[in-house]
Protein chains: 2
Amino acid sequence: MFKLYYAPGTCALATHIALEEAGAPYPVDFGSQAQRSPEYLAINPKGRVPALVTENGTLTETPGLLLFVAQRFPKTELAPLSDPFALAQVQEFNSYLCSTVHVAHAHGRRGARWADDAAAIEAMKRKVPATMTECFELIERRLLKGPWVMGEQYTICDPYLFTIASWLEGDGVDTARLPRVMEHRRRMLARPAVQKAVAAEGTQIP
Amino acid sequence: MFKLYYAPGTCALATHIALEEAGAPYPVDFGSQAQRSPEYLAINPKGRVPALVTENGTLTETPGLLLFVAQRFPKTELAPLSDPFALAQVQEFNSYLCSTVHVAHAHGRRGARWADDAAAIEAMKRKVPATMTECFELIERRLLKGPWVMGEQYTICDPYLFTIASWLEGDGVDTARLPRVMEHRRRMLARPAVQKAVAAEGTQIP
């Protein structure tokens, strides 16, 4: 049995949705967790969510978790596993989300990771609308093929984009400039697996 | 024929090493590039290196590129491709490098990405030794299994760790506290593929 540690409003939602899409064929226990508690640090010394406890051990980091779900449940066809170029494109997109887009967002709430000075942390907050807009304009114009991120095939890129895009309004981004990203959100919200994960976490999607 | 766009001293070295390890069976053209030039932006609209031009199109983002090299040249056995948990561990490690460790380093040189204020950018620079030390203590104590990152098997995690660890001295980290990471560097420098890539880029490894 899997156990996914998550916290509402975090990127853990992406893995939560993927597990629901895969219809994980045995019970998945979704546990919300205080990320800095000693109990959780014993599971994930990084002190962040998500963490997935599997039959072989614990995994962290969303791009790794999403690839795991896709490969562990291949019948769900959540990634083009046997095509090196297509699979690299999936990991390229998810790497961009984790290393650039999620990082841009984090400067609005977690600036203390990168500076100790209060004024510097405020300066980081002020730039978040601009950096998130720049990231999502690239996604809108170049990276999101449509109707799904990779085109006709729904993949592990879609729950990850949906999750990070759910932060746009809170980050002060004008979503009227992102019609294709907003259409992707609506298409995601029509999927039962997405509805189930969102409801279970009590997440508010704008 | 592949063409890898790189710049010396960047994370492109990881993919460069992996291509050398794979002994890419046809010529690879390694091209240094001005990252914001119009010619390069036409290849990679993100304006960063690395970018790999393949027979199917262009790929970016180091974790995706490394997975591509491993899967495109499976005989080299650079990743446990058929084991979902083991492959997820590889992607987990590489995701940590790209989204946390590389990002911590980038605050020393690229602070303008996340704040416009000169004092804020200086505050970010000041914290780099502490954040890089924290990241590498986790790698030293928990993540680097030894002798290679994933244990006995050399994988695409190794050139990526080697590349980012080559920045430690420049980031003001006391490498005497990281004996296992330093041993990993020495082991890497004994490999012909690493020597070839480092020499080709003219990179200085401390």
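A: Before we start: copies are superposed by least squares on the C-alpha atoms of residues with pLDDT of at least 70 in both. This is a predicted model, where local features need pLDDT of at least 70 and side-chain atom pairs count only at pLDDT 80 or more, while totals for chains, interfaces and linings use all residues. Residues are numbered from 1 along each chain as its sequence is written, chains are lettered from A in the order in which they are written, and side-chain values use heavy atoms, with hydrogens and water left out.
Q: OK, what turn lays chain A on chain B?
A: A turn of 180°, with a shift of 0.0 Å along the axis and an RMSD of 0.0 Å. The two copies are thus related as by a two-fold rotation axis.
Q: And how many residues are in contact?
A: 46 of chain A with 46 of chain B, contact being heavy atoms within 4.5 Å. 100% of the interface residues of chain A are also interface residues in chain B, so the copies meet through the same surface.
Q: How many salt bridges across the interface?
A: The rule finds two, counting a side-chain nitrogen of Lys or Arg within 4 Å of a carboxyl oxygen of Asp or Glu. Take Lys127(A) and Asp116(B): their closest N and O atoms are 2.7 Å apart.
Q: Switching topic, what area is buried between the chains?
A: About 3900 Å², with carbon and sulfur atoms giving 65%. That's the accessible area (1.4 Å probe) that two parts lose on being put together, summed over both.
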